[in-house]
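The following report introduces a protein chain to a reader who has not met it before. It begins with one strand and then turns to the wider architecture.

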Amino acid sequence: MGSFDWDLVDNTLAFDDAGLAVFDLRPGEYDGDPDSLDARVPPEEAARVSAVIDEAVQTGRSSYGAYFQVRRRNGHRQWTHVRGRILRDERGAAYRVIGIVRNASTELTEYTLISPLEAGRRRITGMVQGTTEALSKAVTVDDVAAVLTGTEGMRRFGADGLVLGLVEGGALKVIALAGDSMDALDELKLHRLDDSLPLAEAVLTGQARFVTSLSELGHRFPRLAPYIEALDLDAAAFLPLIAQARPVGGLALFFRGRSDFSAEDRNLCLGLAGIVAQSLQRALLFDQEREFATGLQASMLPRHVPEIAGAEIAVRYHAAWGGREVGGDWYDVIALPRGRVGVVVGDVQGHDTHAAAIMGQLRIAIRAYAGEGHAPATVLARASRFLAELDTTRFATCTYAQVDLVSGGVRAVRAGHLGPLIRHTDGRVGRPNLRGGLPLGLATEFEDEEFPETRLDLVPGETMVMCTDGLVEEPGLDIAAGMDALEAAVRAAPDSADALADHLSASLWERWGTGDDVALLVLRRAPDPGTPQAPRIHQYIHQADPEGLAESRVALRRALADWGFAELVDDVELAAGELLGNVLLHTEGGAVLTLEVLPEPVRRVRLWVKDRSSVRPRRRTPGEAATSGRGLMLIEAVSARWGVEPRGDGKAVWCEFVPRASGPVDLSGERPVVPPEEPPED
């Protein structure tokens, strides 16, 4: 009797010397890898013990026990008994097994000599049980193929090669090959259901064929003869897969070193083929339903995204892995007049065909209201009314944003949905505060169709990300954790819209799993670097964002150095700090900073700071004890000139800087400074 310690996390299995002796192993012959016991434990025995252990682990039991046979180095089989205790963490997850293993030959030898049929029955039962357990978790045809062609699958059958084919019309299509030499059959992956190949014949006739000489098989099937030598195998079983009296495919098992098939072996193969056939039929039905579901969902979404000048737009839709269940998630991109675009992401309550039908109608309604030129708040109010008037009790959440790609202005509203994320040009990711309203439908029912509009700025090169909650929700975790993960993924993603969408799909949708649909929309405003002669940079600084102010200073210093204006760094940084501070302290929004080079009539630098306030700055004359009011005095002192321009619903304050090497410069022929009838303000 010996003991063992099995670390389930690292999958290392340690035995003491007595335990190794039970397996007829010397200390130097075992490296702690459970798979290295294959030389001592026959495949069918390993499958049976694995099934017992898996059941104990998954059902929450604290211990298990099993008898199995070990093949000693002299070829004799020895009955062995294992008893293990399963240790679990505070969440109930198994992480370690400790136990004993002992030679049980004395207590079972007499029994097996008296009843060899019972010993064989136990072996068959273990193999069938292990295969059934593994296939019960297979959902799709690919899952079934993975179970059969994996290491454990080959071990359960005791085979050295495997071929799995599906019936498609009048042909047999090979969907899986496993084994060292099976690639030789790659050319036969699709062939007619006739008697020219043994597996197709077995499927066509419904009769299994057991062959103990592949060379003789070549005489009966000349088409297979050229491949037999490359296979380097000795025996094979060709099994039809029949479910509900209908052939669904075929399974070929190849063996090395086998010279016969006993009645027990034949019955085992036929029994396993029946299990595989049932699993394959179930998987085929699932795949068909899945294809129907995704096809229905796809027909409700836009066929293509229009190309919008001045923006990169990428969309992704991932369906939940739930059979015929169809979700109500959607996205849309709506081209609007005057260089604008409307983008929307939403989710109708429920996962069924009714949710998909409601989604299709609601998407068209929002597109129509947006196309009529209504403001974003009006678009959602009318959409809520539309949904409330439908014959349904469903509600929907969504976020709609109207983006002006010329100015970068964004008018965003949301109805019980996640707000967008903005990735700035310096890599920072912000979460704008969209107050939002009730979900569509409920807003009308509760007579509260107010959807507050939030104004945002999207500077050239910035990216807006909108999604449904399936991208950020993981069962058992707070959605805040998902939002943090989304923010980190956006920050680490590539710049282009398509690459960013792929990155989010790979890092989040695949991470959380497939429990919910996901609609994702990424809009990146085209970068505006200017030209080599007149370069420029843009940045958005959110209100009360110290990190943004620090990043803007770094960006200014780097740009000026790259452009050959290092001597202006201190003056430009001082002016930018004064203008940005004024915006962030005295207005209700953020600021858009632009730094550009003007090459004519003399090469110089212009700094712009745009905000949404229409109040013009006033230049003051503060007293000696005053603690404020000197901002514009400083700007006037360090810059060549400055001015104010109206910009839609706000203004832009600008100032220019000329290198000392340029000498005195007359810029009087260019645009005027602040109009004389309005004294400068601060």
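## A covered strand and its surroundings

Strand 23 is covered on both faces: Ala591, Leu593, Leu595 and Val597 are buried on one side, and Val592, Thr594, Glu596 and Leu598 are buried on the other. Buried here means under 20% relative accessible area, whereas exposed means over 50% and partly exposed lies in between (1.4 Å probe, protein chains only). Because eight of the eight residues of strand 23 (residues 591–598) are buried, this strand is largely enclosed by the rest of the structure.

The model is predicted; local features require pLDDT of at least 70, side-chain atom pairs count only at pLDDT 80 or more, and totals for chains, interfaces and linings use all residues. Residues are numbered from 1 along each chain as its sequence is written, and side-chain values use heavy atoms, with hydrogens and water left out.

Helices (H or I, at least four residues) and strands (E, at least two) are DSSP runs numbered from the N terminus. Two strands pair if DSSP finds at least two bridges between them. Strand 23 is joined to strand 24 by a hairpin of five residues. The antiparallel pairings of individual strands are listed below.

| Strands | Bridges | Citation of residues |
|---|---|---|
| Strand 22 and strand 23 | six bridges | strand 22: residues 536–541 |
| Strand 23 and strand 24 | seven bridges | strand 24: residues 604–611 |
| Strand 9 and strand 10 | three bridges | strand 10: residues 235–243 |
| Strand 16 and strand 19 | four bridges | strand 16: residues 409–415 |

Within these pairings, Arg536 has Glu596 of strand 23 as its bridge partner, and Leu598 stands opposite Arg604 in strand 24.

## Two open sheets

An open antiparallel sheet is formed by six strands in the order 8-7-6-11-10-9. Strand 8 (190–192) and strand 9 (209–211) stand at its edges with a single partner strand each, so one side of each is left without a neighbour in the sheet. From one strand to the next, the twist averages 20°. Angles run from 0 to 180 degrees between N-to-C directions, with axes fitted to C-alpha atoms, for helices over the stretch in contact. Arg209 has Phe238 in strand 10 as its bridge partner.

Five strands form another open antiparallel sheet, in the order 13-14-15-16-19. Its edge strands, strand 13 (327–336) and strand 19 (454–457), each pair on one side only. Neighbouring strands of this sheet are turned by 15° against each other on average, direction ignored. Helix 11 (residues 353–371) packs on the sheet and touches strand 13, strand 14 (340–351) and strand 15 (396–404), and its direction makes about 20° with that of strand 13. Contact means heavy atoms within 4.5 Å.

## Aromatic residues and a buried arginine

The structure holds eight aromatic pairs. Phe4 and Phe15 form a tilted one, at 6.2 Å centre to centre with 55° between the planes. Rings of Phe, Tyr and Trp (its six-membered ring) pair if their centres lie within 6.5 Å; planes under 30 degrees apart count as stacked, over 60 as edge-to-face and the rest as tilted. Both Phe4 and Phe15 are buried, and they belong to one aromatic cluster with Phe23, Tyr30 and Phe68.

Arg48 is placed in helix 2 (residues 43–58) and is buried, with a relative accessible area of 12%. The side chain of Arg48 reaches the backbone oxygen of Tyr67 at 2.8 Å.

## The chain overall

The chain has 18 helices and 26 strands, and 49% of its 682 residues count as buried.

Terms used. A polar contact is a pair of N or O atoms within 3.5 Å; within protein, one must be able to donate a hydrogen and the other to accept it, and residues adjacent in sequence count only if both atoms are side-chain atoms.
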